[in-house]
Amino acid sequence: MIRREDGRLVVEGAITLVNVTALLAEGLGMIDRDCVQIDLAEVTEADSSAVALLIEWARAARRAGRRIVYLNLDNSLRSLVSLYDVGELLPQRH
């Protein structure tokens, strides 16, 4: 689930193969500002599909002339980003 809070999008719960398609669609519908901050502090579980999701949101934002900044990636998600060597595709603010 994704909710708007204080000018950012907050992703809640797991991002796994089970729900990534629904999250993709939900997020794409919410990327509607010039700069979108996506807060991942409330993500409880993530697998490799989460990395693909973040990349696709970033690509979609670029195609629309918008920018995404990811906030609060936990250590496990950072490890996956590092493992797949895609950090340059995912703008982050700590």
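**Exercise 1. Check the overall size of the chain against the globule rule.**

*Solution.* Start with the rule: for 94 residues, a compact globule would have a radius of gyration near 12 Å, and the protein chain has 12 Å, which agrees. Here the radius is taken over C-alpha atoms, and the rule is 2.2 Å times the number of residues to the power 0.38. Next, look at the extents: the C-alpha trace spans about 30 × 25 × 25 Å along its principal axes.

A quick note on the input: this is a predicted model, where local features need pLDDT of at least 70, side-chain atom pairs count only at pLDDT 80 or more, and totals for chains, interfaces and linings use all residues. Residues are numbered from 1 along each chain as its sequence is written, and side-chain values use heavy atoms, with hydrogens and water left out.

**Exercise 2. Write down the order of helices and strands.**

*Solution.* First count: the chain has three helices and five strands. These are DSSP runs numbered from the N terminus, with helices being H or I of at least four residues and strands being E of at least two. Then read along the sequence, and you get β-β-α-β-α-β-α-β. Finally, check how far the contacts reach, a contact being heavy atoms within 4.5 Å. Among contacts between residues at least 6 apart in sequence, 72% join residues at least 24 apart.

**Exercise 3. Take apart the largest nonpolar core.**

*Solution.* Get the terms straight. A nonpolar core is a set of buried Ala, Val, Leu, Ile, Met, Phe, Trp, Tyr and Cys residues joined through side-chain atoms within 4.5 Å. Buried means under 20% relative accessible area, exposed over 50%, and partly exposed in between (1.4 Å probe, protein chains only).

- Step 1: of the 94 residues in the chain, 39% count as buried.
- Step 2: the largest core has 28 residues, and Ile15, Ile38, Leu40, Trp57 and Tyr70 touch the most other members.
- Step 3: two or more residues each come from strand S2 (8-15), helix H1 (20-30), strand S3 (35-46), helix H2 (48-63), strand S4 (67-71) and helix H3 (75-83).
- Step 4: H2 supplies the largest share, eight residues.
- Step 5: zoom in on Tyr70. Leaving aside neighbours within four places in sequence, Tyr70 is in contact with Ile38, Leu40, Leu54, Trp57, Ala58, Leu90, Pro91, Gln92 and Arg93.

**Exercise 4. Gly27 and Ala50: buried or exposed? What do they touch?**

*Solution.* Take Gly27, which lies in helix H1. Gly27 counts as buried because its relative accessible area is 3%. Beyond neighbours within four places in sequence, Gly27 is in contact with Ile2 and Trp57.

Now Ala50, in helix H2. Ala50 is buried too, with a relative accessible area of 0%. Not counting residues up to four places away in sequence, Ala50 touches Ile15 and Leu77. One distance to try in your viewer: the C-alpha atoms of Ala50 and Ala14, 36 residues apart along the chain, are separated by 8.9 Å.

**Exercise 5. Look at the phi values of Asp6 and Asn72.**

*Solution.* Begin with the background: most residues other than glycine have a negative phi. Asp6 has a phi near 50°, a positive value. Asp6 sits in the loop between strand S1 (2-5) and S2, and is exposed, with a relative accessible area of 72%.

Phi of Asn72 is near 60°, also positive. Asn72 belongs to the loop between S4 and H3, and is partly exposed at 36% relative accessible area.
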